[in-house]
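Please open the structure in your viewer and keep the sequence beside it, so that each selection can be followed in both. The stops below are meant to be taken in order.

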Amino acid sequence: MSDQTGMVAGGLLHLHPADNVVVAIRAITEGESIKVGGTRLVAPRDLGLGHKLALTAIAEGEDVTKYGAPIGRASRDIAPGEHVHLHNLASRYTVIEDIEGTNA
Amino acid sequence: MTAATLTGWPRADGRKGIRNVVLVAYLVECAHHVCSRIARPFDESDVQVIGFSGCFPSDYGQEMMEALCTHPNVGAVQLVSLGCENFRKQELAEAVRASGRPVNLVTIQSTGGTAAAIEAGRTWVADQVDALPEAPRVAMDASELVIGTICGGSDATSGLTGNPAAGRAFDRFVTEGATCIFEETGELIGCEHIMADRVSDPALRPDIVATVEKAARYYAQMGYGSFSNGNALGGLSTIEEKSLGAYVKSGSSPICGIIKPAQQAPGGGLYLLDVVPEGAPKFGFPNINDTAEIIELIACGAHAVIFVTGRGSVVGSAISPVVKVCANPETYDRMAADMDVNAGRILRGEATLDEVGDEIHDKIVALGQGGRTRSEELGHTEFVLTYKTASGPEPGCHV
């Protein structure tokens with residue numbers, strides 16, 4: 001119960017040891033420099049609460065991991081400190097096709 | 001770690017309660033007012049009103065009422081019937097009697113109307129209330145607890161603080177041998193394959209996936225969309241991510257079975273409650289509000305329910321205490337008197353997820369040691385029960 005996950009590092013929350021993203025837990029200003037574990041990240045833009053930054057490099061096609069589980073795949077290479085959102089993260093989920101019966 | 005000892009009321013079926021509630025239950029809406037008036041003089045005692053409003057027959061309503069009236073937190077039951085409704089009242093009264101609990105059935109039409117029925121009910125309930133302090137109590141272990149979890153009034157903080165902290169509390173309870181139940185399959189869409197990797201028995205895998213896909217299909221037919229523009233503005237990028245924010249309430253223990261409303265889990269461990277009926281939508285949304293979900297968890301034997309809220313729900317529940325975990329520190333500052341745990345401290349760097357998880361765990365244990373929740377202190381005893389398709393076969397044990 002004494003690992004460092006769940007610790008707040010100056011506004012970024014690392015939810016699970018396996019995660020390659022951290023989450024803003026307050027409004028963060030562009031250019032702010034925040035240390036998470038041994039890594040220093042510089043906010044590339046203003047970020048609202050709940051937005052994600054890459055903690056490590058994530059190659060195109062790799063899983064983006066939050067809560068220790070995949071939340072989709074990188075749709076292009078993502079550098080450490082980059083904002084991770086709709087422009088570089090894509091869902092792997094296909095239940096809509098399942099509902100339509102085309103992927104049953 | 002030795003689990004702290006609780007004190008509980010022993011029941012004939014071997015379960016123990018952390019409350020000793022006297023229920024006043026209407027078997028059709030037409031008897032609701034009489035129940036409210038029966039309970040009114042006992043406002044300072046654990047006398048609570050529940051019931052089923054519908055007049056048409058409902059196997060689900062019957063099963064739910066039986067599970068609730070024989071819940072371990074219930075000590076005695078006053079049933080009130082109008083007289084001409086379709087509810088199988090003798091069957092329910094017999095089930096309560098067979099459970100070893102005092103039960104009294106008042107039928108308004110044969111008793112002589114409203115005033116006579118209120119008088120008859122109050123006389124009987126007063127005797128039960130007088131007997132409450134003498135009811136024997138026994139030592140109870142944390143492993144005997146059944147705990148449910150839900151989230152409602154969620155915001156961007158729910159998935160960051162309250163829900164993961166609730167998951168940590170669940171992990172501790174499962175380790176101690178308790179039964180933990182999570183649900184909201186409609187909000188787990190996108191998590192089914194992740195969940196399927198967590199089962200204790202591979203035979204459960206297809207059932208988990210099918211349960212969530214059924215929910216996705218059901219909600220789609222109801223015209224309910226899962227991922228909104230507001231979610232993206234709040235930083236959520238995919239449906240998997242949104243669902244995981246709710247799913248983390250379940251913690252990281254293996255999932256050992258799926259249960260249906262009013263079914264009791266066969267043993268300790270983590271269970272998924274499948275709240276979505278089979279087939280095409282028949283009676284509307286599976287659960288119309290947070291209280292409907294809480295009541296289904298309680299019908300599955302939950303002694304207490306962990307409720308994570310970001311925007312600030314105030315509800316409690318009939319029968320079982322609701323521990324409210326406030327995920328958002330600003331909401332907590334405004335509504336502290338309604339909240340049991342301030343998970344928002346995590347956002348301010350004042351606590352870790354593990355520390356808040358321990359606090360939730362300890363609050364629940366304390367409920368069996370004389371502790372009470374904020375919603376209990378404020379007199380909340382919300383209850384709702386609507387029509388739904390009855391549950392399926394009894395759950396198997398996959399531990």
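What follows is a tour of a predicted model, going from chain A to its contact with chain B and then into chain B itself.

**Chain A as a whole**

Begin by selecting chain A and colouring it by pLDDT, for which the mean is 83, with 81% of the residues of the chain reaching 70 or more. Two stretches call for caution: over residues 1-7 of chain A the pLDDT is below 50, although this stretch has 11 contacts in the model beyond near neighbours in sequence. Residues 95-104 of chain A also stay under 50, and for them the model has 12 contacts beyond four places in sequence.

Now switch to a cartoon view, in which chain A shows one helix and 10 strands; if you trace the chain from the N terminus, the strands are passed one after another and the helix comes at the end. Of the 104 residues in chain A, 40% are buried. Among the contacts of chain A with a separation of 6 or more, 45% are between residues 24 or more positions apart.

**Strand pairs in chain A**

Select strand S2 (residues 12-13) and strand S3 (residues 21-24) of chain A, which run antiparallel and are joined by two bridges. Within this pair, look for Leu12(A), which stands opposite Ala24(A) of S3(A). Keep S3(A) selected and add strand S6 (residues 52-54) of chain A, since these two strands also run antiparallel, here with three bridges between them. The bridge partner of Val21(A) in S6(A) is Ala54(A).

Next, move to an open sheet of three strands in chain A, where the order is S7-S8-S10 and the pairing is antiparallel. Its edge strands are S7 (63-66) and S10 (89-90) of chain A, each of which pairs on one side only. Between S7(A) and S8(A) there are four bridges, and here Asp63(A) stands opposite Arg73(A) of S8(A).

**Where the chains touch**

Display both chains and select the contact between them, which takes 29 residues from chain A and 27 residues from chain B. Which elements of chain A each supply at least two residues of the side that touches chain B? They are strand S8 (69-74) and helix H1 (95-100) of chain A, and S8(A) gives the most, with four residues. Coloured by class, this side of chain A has 18 nonpolar, seven polar and four charged residues.

**A helix enclosed in chain B**

Turn to chain B and select helix H11 (residues 290-299), which is largely enclosed by the rest of the structure because nine of its 10 residues are buried. Among those buried residues are Ile294(B), Ile295(B), Leu297(B) and Ile298(B), together with Asp290(B), Glu293(B) and Glu296(B). To see what surrounds the helix, add helix H2 (59-69) and the strands S8 (146-151), S9 (179-182), S11 (269-273), S12 (304-309) and S13 (322-326) of chain B, against which the buried residues of H11(B) pack. Following H11(B) is Gly301(B), whose phi is positive, near 95°.

**The nonpolar core**

In soluble globular proteins, nonpolar side chains tend to be buried together. The largest nonpolar core here has 150 residues, of which Ala25(B), Val80(B) and Val325(B) touch the most other members, while helix H6 (residues 158-175) of chain B gives the most to this core, with seven residues.

Select Val80(B) and its surroundings, where its contacts beyond four places in sequence include Val24(B), Ala25(B), Leu27(B), Val106(B) and Ile108(B). Then go to Val325(B), which lies in strand S13 of chain B. Is Val325(B) buried or exposed? It counts as buried, because it has 31 C-beta neighbours inside 10 Å. Its contacts beyond four places in sequence include Gly162(B), Ala165(B), Ile306(B), Val308(B) and Ile360(B). Ile360(B) is 35 residues from Val325(B) in sequence, and a C-alpha to C-alpha distance drawn between them gives 7.7 Å.

**Last stops in chain B**

For a contrast, select Arg348(B), found in the loop between strand S14 (341-342) and helix H13 (353-367) of chain B. Arg348(B) has 12 other C-beta atoms within 10 Å and is therefore exposed. From Arg348(B) to Leu79(B), the distance is 49 Å, C-alpha to C-alpha, with their positions 269 residues apart in sequence.

Finally, select residues 8-128 of chain B, which UniProt, in an unreviewed entry, lists as "domain: D-galactarate/Altronate dehydratase second". Over these residues the chain is 40% helix and 24% strand, and the end C-alpha atoms are 18 Å apart.

How values were computed
Residues are numbered from 1 along each chain as its sequence is written. Chains are lettered from A and ligands numbered from 1 in the order in which they are written. This is a predicted model: local features need pLDDT of at least 70, side-chain atom pairs count only at pLDDT 80 or more; totals for chains, interfaces and linings use all residues. pLDDT is the predictor's confidence in each residue, from 0 to 100. Two residues are in contact if their C-beta atoms, placed from the backbone, lie within 7 Å. A residue is buried if 20 or more other C-beta atoms lie within 10 Å of its own, exposed if 12 or fewer, and partly exposed in between; C-beta atoms are placed from the backbone. Ala, Val, Leu, Ile, Met, Phe, Trp, Tyr, Cys and Pro count as nonpolar, Asp, Glu, Lys and Arg as charged, and the others, Gly among them, as polar. Two strands pair if DSSP finds at least two bridges between them. A nonpolar core is a set of buried Ala, Val, Leu, Ile, Met, Phe, Trp, Tyr and Cys residues joined through C-beta atoms within 7 Å. UniProt positions are given in the numbering used here, feature names are shortened, and annotations may be inferred rather than shown by experiment.
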